[in-house]
Structures are given as C-alpha cells and as structure tokens.
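User: Hi! Could you walk me through this one, starting with a single residue and working outward?

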Amino acid sequence: MTPALVLLAVLVTAGAVVAVSAREPRLAVLGIIVVLTGAAYVVEPMPGVVALAARLVGSVLAGFLVWVSLRGAPPPTAGWRMGWPGASAVAIVAFAIGWLAAGTMGTALGTLAADGPAVGAAAALTGGSLVPRAALGAALALSALAAAPVLLGRDALRLGLGLLLLLAAAGLLRNAFTAGTDGIVELGLAVLTAVSGAGVAILVSRSLEAFGDLALRGPGRSDAAIRHRPTDDAHPLPPTPARDGGRGRAGRRAPAPDPGAPSSGRDGSDWSPRP
Amino acid sequence: MMLVLLLTLGTLGAAASAWGLARGGRAARGGALAGGVALLAIVVLALALDAPRVGSGTIPEGVGLLGGRLIPNDYLRLVVALWAMDAALLVCIAWLGAGLAGLRGLLPALLVSIVGGTVALAATELTLGAAAAGATGLVALVVLLATREPASITPAARELRATIVSTVLLIGAIAVAPIGAGLAIRAAGANADGAPADPAVNGATTMGADATAIVGLLVLAIALAVAIRSGLIPFHLRVPRLADVAPPVSLPLLLAWVPLPLAVVGLAAVDRLLAPLALPLEGEQWLIIAAALFTLVAAAAAAFLQDDLRHTTGYLVIADFALVLLAFAALDPEAWGPGRTWLLVLVASKTALGAWAAVAEGRFGTRSIPDMRGWIRRSPLLAAALVVTTAATFGLPGWAAFEARVGLAQLTAGAPLDAILLVAGFLTLPTYLRLLGLGTGVATSRVDRAAPERIVRIRRFETLSVEVEGVAAESVGAEGVAAEGAPAGPDAVPGARPAGRDTAVRRAARTSGSMASHGATHVGRRFARALRRDATELTAAAVLTLAVLAALTSWGVLDISGAASEPAPIVSGPSSD
C-alpha cells in the first residue's frame with residue numbers, strides 16, 4: 001500500500017504542476033481535481049469509509065463547480081510564465097525538501113522517544129513510514145506552486161486554483177503529522193473544500209459574465225472608482241457603458257464590438273454579450 | 001437538541017431567504033419573512049441553550065452533537081444570541097433603507113455566518129473549528145457578489161484570498177503544533193533526567209532549541225492568520241476597497257463578525273497547544289507586540305485623518321482588532337479570558353458604529369465627513385447612539401471592556417510598556433470626538449436637506465363616495481389606495497384613486513373565497529408601509545438599540561467575562577497528543 005500512496009503523492013504534485021502551468025483553463029481545472037481528490041488519501045493509516053467518502057465528495061464537488069463555471073469556451077489564460085518545466089522544477093525541489101525534512105523530523109522524534117512512547121501525532125513518521133514523508137513533500141510542493149498565483153495572481157481562475165492548492169496542502173500537512181483521522185473532522189474539511197470551490201466558481205463565473213475574461217481589475221481600472229464618486233460631485237463623469245448598461249447619452253446602444261477583436265475589457269467598457 | 005435546532009433553523013432560514021430574495025415579488029417577501037423569523041428564533045434558542053460550563057464535570061447526555069465534536073458552552077450562547085440580535089437589527093435597518101432589495105445577500109449571509117460561527121465556537125476539535133471559521137469567512141462572497149456589480153468582483157477575490165490563506169495558516173499551525181510541543185516536552189524531560197555530560201542530553205538540548213523555534217513560528221503563523229483575516233496593518237489595503245463596494249449596512253458583518261470565529265479558534269490553539277509549554281519566546285512576543293502597537297497607532301491616525309466615513313469605520317475596526325493580537329503576544333493562558341471578552345466587546349461596539357455610519361450616510365446622502373457638519377442638529381437619536389457606542393468601545397473602570405483592555409496590556413508586557421499599550425488602545429478616541437464635535441457645528445446644506453427625526457403622522461382624510469360605472473367606491477385612506485393601485489411611478493400622486501374598473505375588480509375579489517388571505521396580506525402591507533413611512537426615526541432607534549446592546553456587552557452583562565474565561569471545549573484526541 002505504501003508505494004501506491006507515495007506514487008499518489010507524486011501524482012498529486014504533478015496535478016498541481018498542471019494546474020498552475022496549463023494555459024487552457026479546463027486542463028488547469030482537471031489538474032486541481034486530481035490534486036484535491038488525491039491529497040485526501042495520502043495518509044497512513046487510512047481513515048474510515050465515511051471520512052474517505054466525505055473527502056471524495058467534497059473534492060469532486062469543488063472541482064466540478066469550478067469546471068462548470070468555465071462553460072462557454074473561456075479564453076486561454078496567461079498561465080505561469082515559467083511554463084511547465086519551471087513549475088516542475090519548483091515542485092521537485094520543494095518535494096525533496098519536504099521529504100528530507102520529514103525524515104529528519106522523524107529521526108529526531110524517534111531518538112528522543114526511544115525509551116518512551118512515540119509522539120502520538122507523529123507515530124507514522126517515527127515509525128519510518130514513507131507516506132508521511134511523501135505527504136509533507138507534496139504539501140511543500142503544493143505550497144510553493146501556489147505561492148505565485150496567490151500572492152501575485154491577477155486572474156480570477158489562477159487565484160482560485162492557487163487557493164485550492166493551498167487548501168490541499170493544508171490537508172496534506174495534516175495527513176503527515178496526524179496519527180489518526182476523525183470522520184467528523186474530515187467531513188468539516190470536505191465542506192470547507194466544497195465551499196471554497198463554490199467560492200472560486202462563482203468568482204470565475206461573475207468575472208466572465210461581467211468582463212468576458214478572467215482578469216481581476218485593479219481599483220484604478222474598475223468602474224468602482226467611478227461609481228463611488230460622491231453623489232454631489234460638481235463635475236460628474238459622462239455616462240459610460242459600464243454605468244448606463246451600454247447606452248450612450250442619447251440612449252443609443254453602444255456599437256457592437258468586432259467579434260474578431262480580442263476581448264480586453266480592461267476599463268470595464270467591454271460589455272458585449274459573450275457568444 | 002437545541003443546538004441541532006439552532007443549526008437547522010439557521011440553515012433553512014438562509015436557504016429560504018436566499019431563494020426568495022433572488023426571485024423577487026411574493027417569493028422575496030416570503031423569503032425575507034422566513035429569514036427574519038429564523039433570526040428571532042435563533043436569539044431565543046441561543047438564550048435557552050443548555051450550555052454546561054466546560055470543566056465543571058461530565059457533559060450531560062444529549063447536549064453534545066456529532067459524538068461530542070460540538071458542545072455548546074456559555075460563551076457560544078452569548079455570542080450567538082448577540083450575533084442574532086445584532087443581525088436582526090441590521091436587517092431592519094437594511095429593509096427600512098432599501099426595501100427587500102437591501103436584504104439580498106445580507107440576510108442569507110447573516111444566517112449562514114451565524115451557523116458557521118456556532119460550529120466554530122462549539123467545536124471540540126481545533127481543526128474542525130478552523131474549518132468552520134474558514135467557511136464562515138466565505139460569506140463575504142455572498143454579500144459582495146449578490147449585487148452583480150462588476151466593481152465588487154476584485155474585492156470579492158481579495159476576501160476569498162484573505163479567508164483561505166488565513167484558514168490554511170491556522171489549520172497548518174494546528175497540525176504541526178503537536179510536533180513542536182512533543183519535541184519541547186521530551187527535550188525538557190531528557191534534560192531533567194540525564195547527566196550534563198550525557199550525549200543524549202546534548203541532543204535533547206539541541207532539540208529543545210529546535211522545538212522552541214518551531215513553536216515560535218507556529219505562534220507567529222497563528223497571529224498572522226488572525227492579522228490577515230481582520231485586516232491589520234499591513235494587510236489592511238483590502239478593507240477600504242471592500243468598504244467602497246459593499247453595502248454599508250453589511251460592513252459590520254464583513255469587518256467585525258466574520259473574523260471573530262477565526263480569532264477565537266486561533267486563541268484556543270495558542271491557549272491549549274502552545275502557551276502551556278512556557279517556552280522562552282521573547283522574540284516572537286516582541287514582534288507581535290510591535291505589530292499590534294504599530295497597527296494601533298497607524299489605524300487610529302488613519303481613522304482620524306480620513307474624510308470618508310466608510311474608511312474611517314474600517315480603520316476604527318482595524319485598530320480595535322489590534323488589541324486582539326495582544327492576547328497572542330501574552331502567551332499566557334490567563335490572556336484567554338480577556339482576549340475573548342475583548343472580541344465580544346469589539347464586535348458589538350463596531351456593529352453599532354457600522355450601523356451608525358450606514359444610517360448617517362443614507363440620511364445625509366454623503367460619505368464625506370466634512371459634509372456632515374451639524375448632523376447632530378438633525379439627528380439627536382443618532383447622536384445618542386454614537387455617544388453610547390463610544391462609551392461601549394472604551395468602557396469605564398469596572399466594566400468588562402475596560403478590564404479586558406487593562407488585562408491584555410498587563411499580561412502582555414510589564415511596566416512601562418503595559419501603560420503604553422493601554423494608552424495606545426485609546427488613540428481612536430479623538431476620531432469619535434471628531435465625529436461628535438463635527439455634528440455640533442453649523443449644518444451644511446446637505447444636512448439641512450436631510451429628513452429630521454420626528455415621528456410624522458399623516459392624518460387620514462375622508463373622501464366622498466362616488467359612483468364609477470355604477471359601482472360605489474369605498475372611502476379609503478390615502479395610503480391604502482396608493483399601495484393597492486397600479487405600481488407607483490414617478491408621476492404617482494399620494495392619495496390618487498385607481499380607476500373605477502380596478503375598484504370594481506377589487507370589490508369582486510373581496511367577496512371571493514380568498515378574502516382572508518388577501519386581507520392578511522393587505523394588513524401586512526399597510527403595516528410595512530407604516531413602518532417605512534417613519535423609517536428615519538426607526539433606523540435611528542435601531543442604531544441606538546445596537547449601541548445599547550454594545551454598552552451592555554461592554555459593561556459585562558450576563559457574566560460575559562466569566563463565560564469568556566471558561567476553558568475552551570477542546571478534548572484530547574489522537575492529533576492533540
């Protein structure tokens with residue numbers, strides 16, 4: 001069982017690489033589904049059926065909701081500029097660091113606990129099992145891969161996938177250091193995963209609905225600054241499509257955009273209906 | 001049993017209100033009614049909750065839930081009751097201000113957040129509590145994205161990021177904490193048992209240093225999680241932008257209530273897993289104290305210098321949250337009680353402040369503080385509310401709020417730093433005084449134009465019966481006609497009678513079998529209309545009620561300090577070692 005779980009940890013890491021580096025949104029979501037689903041099972045000993053089922057349902061639901069939110073041929077995203085080779089390199093290094101750190105930690109705990117009971121929370125780690133090492137390695141790899149989209153992400157999908165990667169990393173960290181798993185706690189984590197997936201999905205959906213792309217507008221570019229000017233402004237701004245629903249001053253419909261032109265929507269002016 | 005009922009009611013109320021308010025019309029009225037009834041029922045259930053004092057003995061059968069993973073406690077009872085009462089008043093304010101459209105997003109979010117907060121505060125497993133607290137934080141999306149405003153997408157993304165990052169930090173710290181604690185305990189044991197020259201003792205000493213470093217990092221991670229979630233400086237940038245796009249009446253929920261469960265779970269993690277180790281963590285303590293002090297000073301200055309009412313409110317909330325960091329910096333189980341007391345005072349007083357700001361903005365039609373000069377002349381009830389809120393924020397000697405401030409400062413640092421921290425906690429006072437002082441000035445034209453707080457009774461007038469197409473019209477009051485006729489447009493005249501054909505149809509309807517339900521709806525609409533006619537006074541009264549609730553909390557009614565000081569309902573498990 002142990003080699004299979006270690007392989008699963010590697011597969012989870014590979015899924016994370018796909019999630020952060022793929023330019024095709026659906027492929028990236030496929031990667032996150034693999035990560036969320038697999039991360040719950042890199043644990044030794046295996047939790048009960050209820051816990052396994054709860055995590056499976058929560059993970060699949062989260063991924064499915066994000067998948068559904070991308071209906072209607074979303075545009076390719078920028079992906080990670082480093083590409084998949086760079087992402088793979090980061091993941092491998094982080095995985096190795098986590099693996100070695102877990103080994104060192106297990107050795108230290110085992111030395112100190114040689115004449116006494118093992119630290120309960122790290123029984124598997126001190127027992128020499130490879131699964132906690134793989135779990136910690138995958139957790140670090142996922143965290144490293146998620147750092148860029150979470151801290152610098154300007155794209156609703158990339159940010160959301162990064163956050164879901166972080167959630168999976170927290171679960172893996174817990175798997176590495178927890179001796180036993182509690183069905184109710186697993187259920188709580190499953191609910192958190194599903195709700196987070198729903199949050200990402202609704203964010204992506206609204207972004208596509210409003211702007212036709214996934215870019216997150218800064219405060220200087222969104223129409224928030226326009227909409228929230230004081231109502232007693234002495235020099236009100238002229239109506240814009242974002243404020244009057246696409247009508248000009250005379251109530252005319254704004255000219256239809258060129259279907260072949262890229263949907264920039266940077267200033268919130270691109271309100272053309274998506275095909 | 002009561003806990004199950006509370007959670008079920010909250011969930012069903014949230015679902016019904018979300019479904020109904022999204023559809024509009026009769027469904028919206030039904031949904032809003034269901035949500036409102038659920039809120040009131042939660043208040044009653046929370047106060048009637050059988051909450052055994054933790055540590056007082058065995059938990060009676062039937063009190064816990066999910067095999068003892070959720071156990072109600074006194075603190076939970078008070079928090080949920082106050083949360084639901086505040087929520088009900090906020091819903092009233094939102095409805096009076098913007099009708100049912102003002103409840104879309106807000107009412108379901110309030111109910112869901114109460115359910116999530118209840119689970120987080122009742123959890124006996126820290127990871128479960130952290131997961132529930134994280135899920136609670138996601139209600140911000142419900143509020144922000146309900147408006148379908150493109151401008152709210154980016155702030156919603158920031159809220160999502162802050163919520164999940166803080167939750168992940170907390171869950172990660174809880175997972176690693178037993179390792180650090182185990183290392184520290186075993187290193188201490190080896191040091192105590194072995195001879196100084198023993199190589200095993202040297203190894204243990206090294207391991208002890210490593211354990212100290214790990215535990216220090218964990219304390220910082222938990223404090224960081226709370227700082228990110230509550231928007232402390234330097235993580236404050238999302239707060240003004242959130243205040244710009246969120247409905248103002250929802251700000252108390254988003255800024256004050258939503259971070260509360262995460263802060264409580266973070267405090268529980270430190271109190272139960274890390275503080276009892278009593279490791280020398282001066283460096284980490286100083287770092288947290290510095291962050292808290294900087295936030296106290298900077299947020300107070302920003303609040304005073306800001307001319308935007310919403311931003312000022314946001315910075316006042318941030319400044320008060322900085323005091324919560326002191327409970328982490330103390331690294332003393334004694335700080336658990338004052339920390340949780342202060343959290344409750346914070347949310348109660350900031351809810352009153354946020355509601356005051358929302359009502360004032362709606363009343364005077366501006367967010368600019370200078371434009372609100374002279375506001376007290378037009379709004380004495382709001383003035384009273386702000387005075388009471390100020391008193392609730394700072395408290396008086398002997399009050400729970402004041403004692404919590406003093407306790408946190410003294411537990412965090414010795415003299416003279418404790419005095420500095422205590423004084424820094426009062427740095428927001430000038431902002432409150434500025435708002436009050438500005439209100440006594442000469443009223444601006446904007447304030448002059450605002451509706452005064454004065455109950456206005458429109459005298460019902462009699463109309464003569466007339467024959468229209470052979471049907472005798474009834475004499476009805478002006479307000480009844482205005483509501484029963486066609487949808488009021490810009491040209492609608494109060495008191496205008498509908499066409500004779502409509503009157504005939506209505507007469508026929510009155511004789512039909514649905515007369516009873518129609519009458520009830522009619523009475524309900526008239527009641528609602530009567531309430532909204534005096535919206536100015538009623539919103540001010542609601543804000544004053546919130547302020548009084550905050551003052552009672554600050555005073556320490558219902559033994560809030562005692563409830564906050566009772567041990568966390570955490571049981572030992574395989575992961576807590």
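User: Which helix holds I318(B)?

Analyst: First, this is a predicted model, where local features need pLDDT of at least 70, side-chain atom pairs count only at pLDDT 80 or more, and totals for chains, interfaces and linings use all residues. Residues are numbered from 1 along each chain as its sequence is written, with chains lettered from A and ligands numbered from 1 in the order in which they are written. Helices here are DSSP runs (H or I, at least four residues), numbered from the N terminus. I318(B) sits in residues 309-330 of chain B, helix α13.

User: Is I318(B) buried or exposed?

Analyst: Count the C-beta atoms, placed from the backbone, within 10 Å of a residue's own: 20 or more others means buried, 12 or fewer exposed, and in between partly exposed. I318(B) has 28 others within 10 Å, so the verdict is buried.

User: Which residues of α12(B) are in contact with I318(B)?

Analyst: Contact means C-beta atoms, placed from the backbone, within 7 Å. Beyond four places in sequence, the partners of I318(B) include G231(B), H236(B), T295(B) and A299(B). Among the buried residues of α12(B) you'll find T295(B) and A299(B).

User: How far apart are the end C-alpha atoms of helix α12 of chain B?

Analyst: The expected span is 1.5 Å times one less than the number of residues. With 24 residues (282-305), α12 of chain B should span 34 Å. The model agrees, because the end C-alpha atoms are apart by 34 Å.

User: What follows α1(B)?

Analyst: Buried residues of α1(B) include L3(B) and L21(B), and their cover includes α2 and α4 of chain B. After the helix comes a residue with positive phi, near 85°: G24(B).

Technical notes: Helix = DSSP H or I, 4+ residues; strand = E, 2+ residues; numbered from the N terminus. Contact = placed C-beta atoms within 7 Å.
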